[in-house]
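Me: I am new to this structure and would like a close look at a single part of it. Please take one helix and the places around it, and go through them slowly.

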Amino acid sequence: MERRPRSFYLLAAFFGLFVLFLYGPILTIGILSFQGPQGGLTFPMNGVSLHWFRDLFQQQAVGDIWGAFRRSFGLGLMVMVTTVVVSVMAGLAFRKRFAGSAILFYAAITSLVIPSILVSLGVGLIFNQLGLRVHWATSGFGSQLTWTLPFGLLIMFAVFNRFDKSYEEAARDQGATAWQTIRHVVLPIIAPSLIGVALFGFTLSYDEFARTLLTAGSYNTLPLEIYGMTTNVTTPVIYALGTLTTLFSFGIIAVFILGAVVMNRRRARRGSDAGQGV
């Protein structure tokens, strides 16, 4: 059996450190959230219990945790739907070159390289100058779209660049209208990619802090609420909140992955049935 080179073990150790650096803080917070009633914010553990999870659902002296969660969830859904719809429409539009398409493309993705706090500051200033109310559902919504839309656009551009147009031509040969072609041919084929765009849109919005900091107005989203709690809350209840929000994020990812798997299986089954029918 051939011996592995020394570089393999060095890279394996580096990868192990990377995984520890990535997931170590999450595991630490998860463990500390099970502190006993007399436990503190650091090790050693003072007993093991679900006390702080129960306390999380009681009336909190500081902050509005569940109100912030509802706002983040609602904002995430708004951003997700808008990102998917605009990304698909832009992907379809950019299949053919038009005057100014290159400028429009670079203008759309420029926000990725602009510091997020500057985007938040700029959007907040624009709303103030126009006399509009700074609110999480208006200015916060627009600020977060500058973060999610470029990712959605890049994904859909890549999808449509390798999309086989013969499927659409076959549908039109069978008498399908443009809308029927999009609905019954294009959208089912790109459905897994749409799920990916939706996942990007929701998770990036749900966890976003910097672009919401100066655009949320008087009502915090969950990341802002958690940040505020770090200066006031001195019990492991904040760890319990972190554990629950992490599990919620993983749950959302699992739902999207399951949806993609189900869609792929349905597509495969329909293709098999069509082949047998022929």
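**A close look at helix H11**

Reply: Leaving aside the neighbours within four places in sequence, threonine 243 is in contact with Ile29, Gly30, Ser33 and Phe53. This comes from a predicted model, and the place of threonine 243 in that model is in helix H11, which runs over residues 237-277. Threonine 243 counts as buried because its relative accessible area is 12%, under the 20% that sets the limit for that word.

Phenylalanine 250, which also lies in helix H11, has a relative accessible area of 44% and is therefore partly exposed, a term for values between the 20% limit for buried and the 50% limit for exposed. Phenylalanine 250 belongs to a nonpolar patch on the surface, whose other members are Phe15, Phe18, Val19, Leu22, Tyr23, Ile26, Leu27 and Leu247, and the patch has about 870 Å² of accessible area together. The elements that give two or more residues to this patch are helix H1 (6-32) and helix H11, and the largest share, seven residues, comes from H1.

Beyond the patch, the chain between H1 and helix H2 (51-56) is a loop, and proline 44 has its place there. The peptide bond that leads from phenylalanine 43 to proline 44 is cis, with omega near 5°. As a general background to that detail, most peptide bonds are trans.

Terms used: Residues numbered from 1 in each chain as written. Predicted model: local features only at pLDDT ≥ 70, side-chain atom pairs only at ≥ 80, totals over all residues. Heavy atoms only, no water. Patch = residues over 30% accessible without salt bridge, like charges linked within 9 Å, V, L, I, M, F, W, Y side chains within 5 Å. Areas by Shrake-Rupley, 256 points an atom, 1.4 Å probe, with all protein chains shown as cover. Salt bridge = Lys/Arg side-chain N within 4 Å of Asp/Glu carboxyl O. Helix = DSSP H or I, 4+ residues; strand = E, 2+ residues; numbered from the N terminus. Buried < 20%, exposed > 50% of the residue type's maximum accessible area, 1.4 Å probe, protein only. Contact = heavy atoms within 4.5 Å.
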